[in-house]
Amino acid sequence: MSKRPWGYQPLPERPEPTWSLHPDTHAVRTGLARSGFGETSEALYLNSGFTYGSAEQAADSFVDEVDHFVYGRFANPTIAMFEQRLAAIEGAEFCVGTGSGMSAMFAAIACLVKSGDRVVASAAMFSSCYVVLTEILPKWGVSIELVKGNDPHDWARALAKPTVAVFIETPSNPMLEVVDIQMVSDLAHKVGATVIVDNVMASPVLQKPLQLGADVVMYSATKHIDGQGRVLAGAILGSFSYINEKLNPFIRHTGPSLSPFNAWVLVKSLETMSMRVERMNSNAQIIAEFLETKSAIKTVRYPGLKSHPDFDIAMKQMTGGGTTIGIEFTGGKSEVFAFMNALRVIDISNNLGDSKSLITHPASTTHRRLTPEIQAEMGITGSVLRLSVGLEHSSDLLKDIEQALT
Ligand SMILES: *Cc1c(COP(=O)(O)O)cnc(C)c1O
């Protein structure tokens, strides 16, 4: 009964490289834990449960005295491969995968705060993040203050009162507002606050918040990390002490765990992420420049354009303008809907960061949960579209936009 199937032999240990690897090498190599079958690619361990060689080993595993997988809510070999790989790419000590971007966002903050605590956040953000900060956390006695823009005086004023956490989404979804991560982190650290950056729009390829002074980075891995419209997932990255002392005790017992199957999809997606994001980023730059020449369009919001109000900050902290463009038309909602319906290549969708170009009308879909006043504060009107630029050839995307405009 205990005989192993044909060909199973524990692999010999190989010495680690003596130099530090480039993130692109981490993306295909790090975290790979081959089984005794010596498979080339990462194995899918679709297991929630694990067994032990002895009662003692089980007991020791539960107090972390031996490294042994215990239960799918805590850890799983395929999920661990994804977490180690993303941590290496990001340059973070630790990564925890979660079931969605929103569970990552919620857990990253909820593990830090208690009733009476205060959170400061940048004002422009994805609508579900806004609901968590302004409706859900306040129900439990956590107060929130939002800061618009990049004036250090405004941030210093908001951070003059005791603050536990600072949450910044930069660039923001959908209007690509940029927040100076270094400036906010320096001010936040003076009052002992933990700085959490929602780095979804930039992706791990174009912006490294931890190198700019932030403490924690969170992702919706549904976006560029998968980037192919297949799985819902999230990730939280930070220091050993944050993950071990704050996040893990919260996550282990509340259970926003990632599925091993989704982790397996993501670990393969990470291998191509930098190639995909770099091409999507260069396509987006071409399209943003083209859109600026069009009279039907009032403003093009793209961090890689000189016309972006925070172009200098964007170029200081990002290695490209990103893959998403905010477009404000001169016409109203009916003209904008007519433009969307006339597209022949670009899909109407509410997702972003995908290899397929996707167009969204945030006011009626992704951001409809916000009141018209709050939408207006974030620059979202009926005339605004969000274009997530994909991997199609830029010439086809330009032709598609050109014909839909006329
Ligand atoms: C999509 C998104 C999220 C939420 O991620 P899900 O995977 O959909 O839960 C959070 N923040 C930003 C900026 C997003 O675009």
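Does Leu-176 count as buried or exposed, and at what relative accessibility? In short: which of the two is it? At 2% relative accessibility, Leu-176 counts as buried. This is a predicted model, so keep that in mind while you look around.

## The loop after E4

Leu-176 sits in the loop between E4 and helix H7 (181–190). Its backbone has a positive phi of about 55 degrees, although the residue is not a glycine.

Two cis peptide bonds turn up here as well. One joins Thr-170 and Pro-171, with omega about -10 degrees. The other joins Asn-173 and Pro-174, with omega about 10 degrees. Pro-171 is in the loop between E4 and H7, and Pro-174 is found there too.

## Gly-326 and Thr-194

What does this loop touch? Among the contacts of Gly-326 are Pro-174, Met-175 and Leu-176. Gly-326 also touches Thr-299, Val-300, Arg-301 and Leu-385, leaving aside residues up to four places away in sequence. Gly-326 lies in strand E9 (residues 324–329), and with a relative accessible area of 0% it is buried.

Thr-194, in strand E5, counts as buried at 19% relative accessibility, the cut-off being under 20%. Its contacts, again not counting residues up to four places away, are Leu-112, Val-164, Ala-165, Val-166, Asp-215 and Val-216. Gly-326 and Thr-194 are 132 residues apart along the chain, and their C-alpha atoms are separated by 30 Å.

## Helix H5

Now for helix H5, residues 127–139. How far should its 13 residues span at 1.5 Å a residue? The expected figure is 18 Å, and the end C-alpha atoms are 17 Å apart, which agrees. The helix does bend, by about 30 degrees at Leu-133. Following H5 comes Gly-141, with a positive phi near 80 degrees.

Which residues of H5 are buried? They are Ser-127, Cys-129, Tyr-130, Val-131, Val-132, Leu-133 and Leu-137. An α-helix has 3.6 residues a turn, so residues three or four places apart point the same way. The cover over the buried residues of H5 includes helix H4 (101–110) and helix H13 (372–377). Strands contribute too, including E2 (118–122), E3 (143–147), E4 (165–169) and E5 (194–198).

## Salt bridges

How many salt bridges does a search of the whole structure find? The count is twelve. Side chains of opposite charge can pair when their charged atoms come close.

One of the pairs is Glu-42 with Arg-85, at 2.8 Å from N to O. Glu-42 lies in the loop between H1 and H2 and Arg-85 in helix H3 (residues 77–90), so this pair ties together parts that are 43 residues apart in sequence. Both Glu-42 and Arg-85 are buried. They also belong to a network of salt bridges that links Glu-42, Arg-85, Lys-268 and Glu-271.

Another pair is Glu-145 and Arg-118, whose closest N and O atoms are 2.4 Å apart. Here the link runs between strand E3, home of Glu-145, and strand E2, home of Arg-118, 27 residues apart. Glu-145 is partly exposed at 28% relative accessible area, whereas Arg-118 is buried at 10%.

H5 has a salt bridge of its own: Glu-135 pairs with Arg-369, and the closest N and O atoms are 2.8 Å apart. Glu-135 lies in helix H5 and Arg-369 in the loop between strand E11 (358–360) and H13, so the pair ties together parts that are 234 residues apart in sequence. Both partners are partly exposed, Glu-135 with a relative accessible area of 37% and Arg-369 with 48%.

## A surface patch, and one more positive phi

On the surface, Leu-44, Leu-46 and Phe-261 make a nonpolar patch of about 270 Å². Leu-44 is placed in the loop between helix H1 (23–29) and helix H2 (55–62). At 31% relative accessibility, Leu-44 counts as partly exposed.

Ser-203 is worth a look for its backbone: phi is positive, about 70 degrees, although the residue is not a glycine. You'll find Ser-203 in helix H8 (residues 203–206). At 1% relative accessibility, Ser-203 counts as buried.

Conventions: Residues are numbered from 1 along each chain as its sequence is written. Side-chain values use heavy atoms; hydrogens and water are left out. Helices (H or I, at least four residues) and strands (E, at least two) are DSSP runs, numbered from the N terminus. The expected span of a helix is 1.5 Å times one less than its number of residues. The bend at a residue is the angle between axes fitted to the seven residues ending there and the seven starting there. Buried means under 20% relative accessible area, exposed over 50%, partly exposed in between (1.4 Å probe, protein chains only). Contact means heavy atoms within 4.5 Å. Patches are made of residues with over 30% relative accessible area and no salt bridge: like charges are joined within 9 Å, nonpolar side chains (Val, Leu, Ile, Met, Phe, Trp, Tyr) within 5 Å. Accessible areas come from the Shrake-Rupley method with a 1.4 Å probe; for residues, only the protein chains shown count as cover. A salt bridge is a side-chain nitrogen of Lys or Arg within 4 Å of a carboxyl oxygen of Asp or Glu.
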